[in-house]
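Colleague: I would like a close look at a single part of this chain, with its surroundings set out afterwards. Please keep the account plain.

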Amino acid sequence: MTVVKGGSGRDGADDRTEEDKDGKGGGPGGDGTAGSSGAADPYVPSPRRLERERYRRVRARRATAIAALSTLVTGAALYLLVVSAPGWQRTKETFFSPEYAREAFPKVMEGLWLNLRLLLVCGAAVLVLGMLIAVARTLRGPVFFPLRVLAAAYTDFFRGLPLIINLMIVVLGVPALRLQGVTVDPVLLGGTALTLTYSAYVAEVFRAGIESVHPSQRAAARSLGLSNRQALRFVVLPQAVRRQVPPLLNDLVSLQKDTGLVSIGGAVDAVRAADIVVGRSLNYTPYIVAGLVFVALTIPMTRFTDWVTARTDHRRAQGGTT
């Protein structure tokens, strides 16, 4: 029996109410548990919560149905628009011939191996060269002024120069110089042109990542005894690269497609293999086959880029490490 001093029965009732709110005295054990078993009561959602969840499920199903229906209607309208065109039959024979598609597919896949090798080699070279240029542009001190100017001139020039012109200059111009010891292989020259152009874009991506790191990070590293080079290597660059992964992947997707431009120098890649079949048959279906092959390669990398971007945004929203 509990005796309440200096208070009325109403005060005692209020005290018991507060104990009930705190979960004390709610059960036979006096600690809010369900009897001597010590097991808590199972959670039972309220009717309002159940109604809210039911409404969300109904709304999600309705949105899915509307999206599917609108997609079907749009697809049917586009199909009817194309099929009803006056020149559809001729276009179908010229661009969508199953016979020429079967003939071109093995040759296109054989040439695709060259595109994949160019992507791997040029991608690695672009990342390394782009990082070096970005670091050169962010070096501090007047002694590094000429290096910063050269790096800025490099990025400005190759970002402004169209890739197709760069390829023609390198692939066609370098052999014309007849320099001793310089290769005339169109694959190597085309890969060099791709590396020169894309390293300028990647350098700006890296530079943006480096400049996005707060100066306090570098100051904290210096206060711990790290040199400027150590602070850049162990503190600044890891954060900068991690933040710039999505745009870097986008540049690699573009590089994957542009490897087909090396065919202007005579290299037999997927595009050139399709062009050979077209020149012999005067049917453009091989171009469609080569294009679909590149699309099939690009879509997985694009979806991976979207996933990385969404994951990075989610971590930033949650306040995690980016």
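In which helix is Asn-228 found?

Modeller: Asn-228 is found in helix α9. The model is a predicted one, and what follows is computed from it.

Asn-228 has a relative accessible area of 47%. Since the class between buried and exposed runs from 20% to 50%, Asn-228 therefore counts as partly exposed. Leaving out residues up to four places away in sequence, Asn-228 touches Arg-218 and Arg-222. With Arg-222 there is also a polar contact between the two side chains, at 3.3 Å. A further pairing spans the sequence: Asn-228 and Arg-140 are 88 residues apart along the chain, and their C-alpha atoms are separated by 9.7 Å.

The helix itself leads to the interior. Helix α9 covers residues 228-243 and supplies at least two residues of the largest nonpolar core. That core has 29 residues, and those touching the most other members are Val-135, Leu-194, Phe-206, Ile-210, Leu-237 and Leu-255. Besides α9, at least two residues each come from α4 (98-138), α6 (163-177), α7 (186-212) and α10 (245-258). To take one member, Val-135 touches Ile-210, Leu-232 and Leu-237 when residues up to four places away in sequence are not counted. Apart from this core lies another, of 10 residues, including Ala-270, Val-277, Ala-290 and Phe-294.

Phe-294 appears again in the surroundings of a polar residue, Gln-256, as one of its contacts. Gln-256 is found in helix α10 and has 5% relative accessibility, so it counts as buried. Its contacts, leaving aside neighbours within four places in sequence, are Leu-119, Phe-294, Leu-297, Thr-298 and Met-301.

Helix α6 gives residues to the largest core, and one of its residues, Met-168, also belongs to a nonpolar surface patch. The patch measures about 510 Å² and is made by Ile-164, Ile-165, Met-168, Ile-169, Leu-172 and Ile-264. Met-168 counts as partly exposed because its relative accessibility is 41%.

Two loop residues deserve a check of the backbone. Arg-178 lies in the loop between α6 and α7, and its phi is near 55 degrees, a positive value in a residue other than glycine. With a relative accessible area of 74%, Arg-178 is exposed. Leu-282 is in the loop between α11 (270-281) and α12 (285-317). Its phi is likewise positive, near 55 degrees, and Leu-282 is not a glycine either. The relative accessible area of Leu-282 is 68%, so this residue is exposed.

For the chain as a whole, there are 12 helices and 0 strands. Of its 322 residues, 29% are buried. Among contacts with a separation of 6 or more, 71% join residues 24 or more positions apart. The chain exposes about 20900 Å², with carbon and sulfur atoms supplying 63% of that area.

To return to the part you asked about: Asn-228 is a partly exposed residue in helix α9, joined to Arg-222 by a side-chain polar contact.

Notes: Residues numbered from 1 in each chain as written. Predicted model: local features only at pLDDT ≥ 70, side-chain atom pairs only at ≥ 80, totals over all residues. Heavy atoms only, no water. Core = buried A, V, L, I, M, F, W, Y, C linked by side-chain atoms within 4.5 Å. Buried < 20%, exposed > 50% of the residue type's maximum accessible area, 1.4 Å probe, protein only. Helix = DSSP H or I, 4+ residues; strand = E, 2+ residues; numbered from the N terminus. Contact = heavy atoms within 4.5 Å. Patch = residues over 30% accessible without salt bridge, like charges linked within 9 Å, V, L, I, M, F, W, Y side chains within 5 Å. Areas by Shrake-Rupley, 256 points an atom, 1.4 Å probe, with all protein chains shown as cover. Salt bridge = Lys/Arg side-chain N within 4 Å of Asp/Glu carboxyl O. Polar contact = N/O pair within 3.5 Å; in protein donor to acceptor, adjacent residues only side chain to side chain.
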